[in-house]
Amino acid sequence: MSEIDLSIIIVNFNTRVLLKECLSSIFKNTKNLRYEVVVVDNHSSDGSLEMVEKNFPEVRLIKNKENLGFAKANNQGLALAQGKYISFLNSDTLVLSNAFKSLIKVIEKDSSIGLLGPRLQGKNGQIQISARKRFPSLFSVFVEYTLPLQQLLIRLNNLHPCDFGRKAHLKDLKTAHLMGACLLAKKETIQKIGGFDERFFLFLEETDLAQRLTQDGYQIRYTPKAKIIHLGRGSIKRWPAASPYFLRSLFQYFSKYHKTQRLFLPTILFLASLLSIVFLIPAFLFLFWHPSLVSKIFSYLKDYFSILKWIFKRATK
């Protein structure tokens, strides 16, 4: 039996303040477990390395000389980890009391679980939607990128075609894939399928991992028995789906799993973005008297125009 029950792997890139809070919460709230923490730093320039060395000398620290991306950095941590179980944890999280102990209890009872996720919540306790009903498809991309449709379906509890509603997150779920803010698995299970696919620099690497585990006969599960606060203020700001990193990973995912559908992906993204812009512009004009709403709408407009720009730029290469 391994001397270490759990290896907690955190990939960091310029999130010094968040990382400090995250590490403090781990050491404060993780009891009755033999565990280690591995931080893989992707060449941060904000003093993250110095902070870890000064405040958390017990942390095993990997210092990359360049930003290798999320998937490759996690694989570095996996190679170094000594625990029976592995948790891939984002730096913008706060671990609540005995969350990891609760996750391990669930996975120990069912050998079919390949990947397990906890309840993610904001600081105010509101549940974050993290369990997905289906793997990405052209339909799910259209729903995700058509803002008025997405917001309507989120409010129709558990009727969203791609995500479980908040009330569903109050019980254990069998899912397709999970938000990657906190994931737990047996080390041997992840090693068996070769770890993360390093072609995914950032985003969708956890979706790809879940899909390969599913193909290998494992289940992807969610449990509310363990709780993690997810602040959502990591290296990528604003709406992650508008990031060029996400868009590149989206095309990589479709190239891997849906080669024919990939041909129609630019059209779907274009139509969804255009519909959202048409919806947002009148809202922007009519809500000028409400500064906070105007600012939020303007941010979304910038994101959607950046998506259109990315699509056109890609098409002209």
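Two strands pair if DSSP finds at least two bridges between them. Helices and strands here are DSSP runs, numbered from the N terminus, with at least four residues (H or I) for a helix and at least two (E) for a strand.

Okay, hi everyone. A quick word on what we're looking at. It's a predicted model, where local features need pLDDT of at least 70 and side-chain atom pairs count only at pLDDT 80 or more, while totals for chains, interfaces and linings use all residues. Residues are numbered from 1 along each chain as its sequence is written, and side-chain values use heavy atoms, with hydrogens and water left out.

Let's start with strands. Find serine 87, and you'll see leucine 184 in S10 standing opposite. Strand S4 (residues 85–89) and S10 are joined by five bridges, and they run antiparallel. How many of the residues of S10 are buried? Four of the five residues in S10 (residues 182–186) are, so to speak, under cover. By buried I mean under 20% relative accessible area; exposed is over 50%, and partly exposed is in between (1.4 Å probe, protein chains only).

Now go to strand S6, residues 113–121. Nine of its nine residues are buried, so the rest of the structure largely encloses this strand. S6 has seven bridges to strand S11 (residues 219–230), and these two run parallel. If you want one pair to click on, take arginine 119, whose bridge partner in S11 is lysine 227.

On to helices. Here's a handy bit of background: an α-helix has 3.6 residues a turn, so residues three or four places apart point the same way. Let's try that on H2, residues 48–55. Its buried residues are Ser48, Leu49, Met51 and Val52. They cover an arc of only 165° around the axis, which puts them on the same side of H2. That arc is taken from the directions from the helix axis to the C-beta atoms. What sits on the other side of H2? There you'll find Glu50 and Lys54, both exposed. The buried residues of H2 pack against strand S1 (6–12), helix H1 (16–29), strand S2 (35–41) and strand S3 (60–63). Contact, by the way, means heavy atoms within 4.5 Å.

Helix H6 (residues 147–155) can be read in a similar style. Its buried residues are Leu147, Gln150 and Leu153. Looking down the axis of H6, they fall within an arc of 135°, so they line one face of the helix. Among the things covering them are helix H5 (138–145), helix H10 (265–286) and helix H11 (291–315).

Since H11 came up, let's stay with it. Isoleucine 297 is in that helix, and it is buried, with a relative accessible area of 10%. H11 also turns up around the second largest pocket. A pocket here comes from a 1 Å grid over the protein atoms alone: it's an open set of points where a 1.4 Å probe fits, with protein on both sides within 12 Å along at least five of seven lines, and lining residues have an atom within 4 Å of a point. The space in this one is about 280 Å³. That volume is the space filled by probe spheres set on the points, with grid points joined across faces, edges and corners.

Which helix gives the largest share of the lining? H11 does, with seven residues. Helix H9 (244–257) and H11 each supply at least two. The lining has 14 residues, and Pro244, Arg248, Ser306, Trp310 and Lys313 lie nearest the centre. By type, that's four nonpolar, two polar and eight charged. For that count, Ala, Val, Leu, Ile, Met, Phe, Trp, Tyr, Cys and Pro are nonpolar, Asp, Glu, Lys and Arg are charged, and the others, Gly among them, are polar.

Last stop: the loop between helix H7 (187–192) and helix H8 (205–215), where phenylalanine 203 sits. Its phi is near 80°, a positive value in a residue other than glycine. Leucine 204 is in that loop between H7 and H8 too, and its phi is near 65°, again positive in a non-glycine residue. Are they buried or exposed? Phenylalanine 203 counts as buried at 17% relative accessibility, and leucine 204 is buried at 8%.

One more phenylalanine to finish. Phenylalanine 70 lies in helix H3 (residues 70–80) and counts as buried at 15% relative accessibility. Leaving aside neighbours within four places in sequence, phenylalanine 70 is in contact with Val11, Asn42, Asn90, Phe201, Leu202 and Glu205. Thanks, that's me done!
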